[in-house]
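This report walks through one protein chain, moving from its cysteines to its strands, helices and aromatic rings. Please keep the sequence and the model in view while reading.

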Amino acid sequence: MLRITDNTLTGFDKCLPSKEDLHLFCRLLREIGIDVIEISLAAYEKMEYLPDDGKYILQVDYAEDIDRYTGFYRYTCHFHENLENLMPEIQINDIREIIKLRAISHCRELRIAGLDDLMCNGYDKAMEEIKKNLPNTKVNLNPENTYHCASAMAIQWLLSYGTDVTVSFAGHKNNGATEEVLMALRLVVRHKPNKDLTVLPALTKLYEKITDTNISNKKPVIGKCIFKVESGIHADAMSKNPAIYEAYEPACVGGKSELVIGKHSGTKAVKMKLEELLLPVPEETVILKMLDKIKEVCSDSRSSLCDEEFAQIAAKVGANEGNKIHR
């Protein structure tokens with residue numbers, strides 16, 4: 001059985017939100033299908049108590065904290081004692097260090113963090129080497145994202161080599177991105193297809209509030225603009241079969257397809273937008289004039305048009321060209 005641990009709540013110590021926001025973050029993580037939620041000691045103390053649902057890991061610095069803070073599914077730390085319910089963590093920054101794992105092969109469980117260079121040096125051989133050095137250990141892989149491949153490495157580990165990974169929402173803490181791993185597993189192996197990913201916009205908004213950051217509009221799965229299309233060929237194809245450009249239905253992650261008009265748009269896209277806004281569709285020569293104006297405006301502003309801006313251009317150009325319009 002695959003097990004995904006999210007450790008985003010170990011990265012909020014410098015911006016700890018309210019108790020209510022921490023509990024809400026946990027609830028939303030559970031709703032999208034996270035198996036285990038890892039929290040820091042500071043976050044736990046702010047939460048005051050553990051939610052009734054779900055499994056939780058506490059990040060501790062000392063073995064005595066395990067007896068002090070009870071009720072957790074697991075504890076994780078940087079010392080390598082073979083204690084019950086303890087998942088030690090080791091940082092490996094270079095695949096040549098994998099051989100060091102032999103020294104701690106006595107651990108029942110072990111999290112391996114780092115390995116940023118997996119993609120650069122033959123990840124398949126490195127993952128096989130990890131299994132070979134730890135034949136009796138349950139390995140949780142926590143690849144880091146220096147080369148922007150952490151999500152892919154976590155997915156590959158789950159598909160072919162292990163059952164446990166640690167990731168973070170939106171790739172927080174330089175980890176693989178929780179939402180990317182969940183979506184890839186849903187598409188490839190139908191992992192937890194009934195879990196509710198429509199709460200991702202709410203989770204994204206909460207994350208941005210807590211961290212005081214804005215997630216890129218183009219961020220896979222959770223970016224606000226990932227379902228917007230601008231070029232005519234894309235708009236035409238999606239009007240006939242959305243699956244050509246969308247790997248999954250936008251609604252399943254709380255999004256929707258949207259045609260926007262910009263400097264890459266063509267006559268087909270302009271006609272579709274006019275029809276969408278219930279505006280008159282002029283002759284081809286007038287549409288070409290509209291496109292000239294659209295490209296001029298969008299090049300100056302370096303952005304696409306909102307519907308109101310597009311309608312204003314369409315009305316102005318249509319009026320100037322003598323309204324050669326048909327419906």
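Cys-149 is buried, because its relative accessible area is 19% and burial is set at under 20%. The model is a predicted one, and it holds 0 disulfides. For Cys-149 the reason is distance: its sulfur lies 6.8 Å from the closest cysteine sulfur, that of Cys-120, which is too far for a bond, given that a disulfide requires sulfur atoms within 2.5 Å. Cys-306 is likewise in no disulfide, the nearest cysteine sulfur being that of Cys-298 at 10 Å; with 37% relative accessibility, Cys-306 counts as partly exposed.

**The barrel**

In the strand arrangement, 8 strands close into a barrel with parallel pairing, in the order E1-E2-E3-E4-E5-E6-E7-E8. Neighbouring strands of this sheet are turned against each other by 25° on average, direction ignored. Helix H1 (residues 19-32) packs on the sheet, where it touches strand E1 (3-9), strand E2 (36-40) and strand E3 (55-59), and its direction makes about 160° with that of E1.

Three of the strand pairings can be set side by side, each with one pair of bridge partners or facing residues.

| Strands | Sense | Bridges | Residue pair |
|---|---|---|---|
| E4 (residues 74-77) and E5 | parallel | 3 bridges | Thr-76 and Met-87 |
| E5 and E6 (residues 109-114) | parallel | 4 bridges | Ile-90 and Ile-112 |
| E7 (residues 138-143) and E8 (residues 164-167) | parallel | 2 bridges | Asn-140 and Asp-164 |

Strand E5 (residues 86-92), which appears in two of these rows, is mostly covered, with 6 of its 7 residues buried.

**Helices H6 and H7**

How many of the 12 residues of H6 are buried? The count is 9 of 12, so that this helix is mostly covered, and the buried residues are Thr-178, Glu-179, Glu-180, Val-181, Leu-182, Met-183, Ala-184, Leu-185 and Arg-186. These buried residues pack against E1, H1, helix H5 (150-160), E8 and H7. At 1.5 Å a residue, H6 (residues 178-189) should span 16 Å, and its end C-alpha atoms are indeed 16 Å apart, which agrees. Just after H6, Arg-190 takes a positive phi of about 55°.

Helix H7 (residues 200-211) contains Thr-204, which counts as buried at 5% relative accessibility. Leaving aside residues up to four places away in sequence, Thr-204 touches Phe-169, Ile-215 and Ile-222.

**Aromatic pairs**

A search of the whole structure finds 9 aromatic pairs. One of them is the stacked pair of Trp-157 and Tyr-161, with 6.3 Å from centre to centre and 20° between the planes; both Trp-157 and Tyr-161 are buried. In another, the rings of Phe-227 and Tyr-248 have centres 6.0 Å apart and planes at 90°, and the pair is therefore edge-to-face. This pair links distant parts of the chain, 21 residues apart: Phe-227 lies in the loop between H7 and strand E9 (228-229), whereas Tyr-248 lies in the loop between helix H8 (232-240) and strand E10 (258-259). Phe-227 is buried, with a relative accessible area of 10%, and Tyr-248 is buried as well, at 16%. Ring pairs also link Phe-12, Phe-25, Phe-169 and Tyr-207 into a cluster, and Phe-169 is one of the residues that Thr-204 touches.

How values were computed. Residues numbered from 1 in each chain as written. Predicted model: local features only at pLDDT ≥ 70, side-chain atom pairs only at ≥ 80, totals over all residues. Heavy atoms only, no water. Buried < 20%, exposed > 50% of the residue type's maximum accessible area, 1.4 Å probe, protein only. Contact = heavy atoms within 4.5 Å. Pairing = 2+ DSSP bridges. Axes fitted to C-alpha atoms, helices over the stretch in contact; angles between N-to-C directions. Expected span 1.5 Å × (residues − 1). Phe/Tyr/Trp six-rings, centres within 6.5 Å; stacked < 30°, edge-to-face > 60°.
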